Amino acid sequence: MKNLKLASREAEKRTVVGVSDVEIGRDFVVIAGPCSVESEEQTLETARAVKAAGADLFRGGAFKPRTSPYAFQGLGLRGLKILVKARQETGLPIVTEVLDPRDVSWVAEFADVLQIGTRNMQNFSLLKEVGKAGRPVLLKRGMYSTLEEWLNCAEYILSEGNPDVILCERGIRTFEKYTRNTLDLSAIPAIRELSHLPIMIDPTHSTGRISLIGPMSLAAVAAGADGLIMEVHYKPEEALCDADQALTPDMFTNIMKRLRPLRSFMDKLPPEMKEHGLCVEVKK
Ligand code: PEP
Ligand code: MN
């Protein structure tokens, strides 16, 4: 990928993104929380639950990129203030999406990590703005984008002087309809070959199915992902956004319990195997 100057892999170098005391790219990291911030009660209850289950960061959208202009668009500033309360109470750093370049600098005053959603991956003016925001960026893969296009978008952010980019595979569109998208787990080892940036997996938006989130989370760990981002809602049936794919706190706790033994097995692997998940690197 000849156009990449900053996002491409150099020998042995791996980026570690520090967010408070969490080191993404070194520690295995779980981000959890509701699709959108709907109320103080909903957000705080969910934040307490994901913290108790062992999440490292809390997610919640205050600006929602909805397919329909009539669907709930998020609480904006009010939502960000609720997220700050959740952080104060739980100590979990906040991950939240920003949609508009004009909002980046003030949203960055509230957020610990700025999320760029799949629909905005190639919004180049937004990428340039988050490149100047002084906050880590979780860059989701565009649902129609190749790995090369995705890494070029990371390059936009890096080239503005922001070294803290975390890639997140969230499923791409294929002809399959049973799942909401098709989770491209091969993106994990492929990104390892191509880039030094951390790569996380979103088993929620990729599958869109509660029953598949646990299995795909385990598979992502085995393939060497740096972390997971999952949607959890204290009352999924009442969620204003992505209700069908939200885990209850109990379901999330169960997935976290199933991840733990696999994580400790992986941690005992020799370093070269950890790097490539459970697969052995095939030398060319
Ligand atoms: C989200 O994380 O709530 C979201 C909208 O994700 P994506 O951009 O991957 O659809
Ligand atoms: Mn969502």
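The expected span of a helix is 1.5 Å times one less than its number of residues. The exercises below apply this and related ideas to a predicted model.

**Exercise 1. Helix α9**

Task: Compare the expected span of helix α9 with the distance between its end C-alpha atoms, then locate the kink and list the buried residues of α9.

Solution. Step one takes the length: helix α9 covers residues 249-267, which is 19 residues, so at 1.5 Å a residue the helix should span 27 Å. Step two takes the model itself, where the end C-alpha atoms of α9 are 26 Å apart, and this agrees with the expectation. Step three turns to the axis, which has a kink of about 25° at arginine 260, shortly before proline 261. Step four collects the buried residues of α9, which are Phe252, Ile255, Met256, Leu259, Leu262, Arg263 and Met266. The spacing of such a list can be read with a general rule in mind: an α-helix has 3.6 residues a turn, so residues three or four places apart point the same way.

**Exercise 2. The parallel strands β5 to β8**

Task: Trace the pairing from β5 through β6 and β7 to β8, giving the number of bridges, one partner pair for each step and the handedness of the crossovers.

Solution. Begin with strand β5 (residues 94-97), which is joined to β6 by 3 bridges, the two running parallel; here threonine 96 has leucine 114 of β6 as its bridge partner. Next, β6 is joined by 3 bridges to strand β7 (residues 137-140), again in parallel, and isoleucine 116 finds its bridge partner in leucine 139 of β7. Between these two strands the chain passes through helix α4 (residues 124-131), and the resulting β-α-β crossover from β6 to β7 is right-handed.

The last step leads from β7 to strand β8 (residues 165-169), where 4 bridges join the parallel strands, and valine 137 has valine 165 of β8 as its bridge partner. With helix α5 (residues 147-159) between them, β7 and β8 make a right-handed β-α-β unit.

Task: For β6 and β7, state which side chains point one way and which the other, and whether they are buried or exposed.

Solution. In strand β6 (residues 113-116), Val113 and Gln115 point one way while Leu114 and Ile116 point the other way, and all of them are buried. In β7, Val137 and Leu139 share one direction, Leu138 and Lys140 take the other, and once more all are buried.

**Exercise 3. The manganese site**

Task: Identify the protein donors of the manganese ion (ligand 2) and decide which parts of the chain the pair cysteine 35 and aspartate 242 ties together.

Solution. The donors are Cys35 (SG), His205 (NE2), Glu231 (OE) and Asp242 (OD), and they lie 2.1 to 2.4 Å from the ion. Along the chain, they follow the spacing C-x169-H-x25-E-x10-D. Cysteine 35 sits in the loop between β3 (29-33) and α1 (40-53), and aspartate 242 in the loop between β10 and α9, so this pair ties together parts that are 207 residues apart in sequence. For burial the cut-off is under 20% relative accessible area: cysteine 35, at 5% relative accessibility, counts as buried, and aspartate 242, with 19%, is buried too. Aspartate 242 also has a positive phi of about 55°, although it is not a glycine.

**Exercise 4. A second positive phi**

Task: Describe the backbone, location and exposure of serine 20.

Solution. Serine 20 is not a glycine, yet its phi is positive, at about 50°. The residue lies in the loop between β1 (17-19) and β2 (22-24), and at 63% relative accessibility serine 20 counts as exposed.

**Exercise 5. Aromatic contacts**

Task: State how many aromatic pairs the structure holds, and classify the pair of tryptophan 106 and phenylalanine 110.

Solution. The structure holds 3 aromatic pairs. In the pair of tryptophan 106 and phenylalanine 110, the centres are 6.3 Å apart with 85° between the planes, an edge-to-face arrangement. Both residues belong to one aromatic cluster with Phe63, and tryptophan 106 is partly exposed, with a relative accessible area of 28%.

Methods:
Residues numbered from 1 in each chain as written. Chains lettered and ligands numbered in written order. Predicted model: local features only at pLDDT ≥ 70, side-chain atom pairs only at ≥ 80, totals over all residues. Heavy atoms only, no water. Bend = angle between axes of the 7 residues up to and from the residue. Buried < 20%, exposed > 50% of the residue type's maximum accessible area, 1.4 Å probe, protein only. Pairing = 2+ DSSP bridges. Right-handed = clockwise from strand over helix to strand, strands pointing away. Donors = N, O, S within 2.8 Å, 3.2 Å for Na, K, Ca; no water. Phe/Tyr/Trp six-rings, centres within 6.5 Å; stacked < 30°, edge-to-face > 60°.
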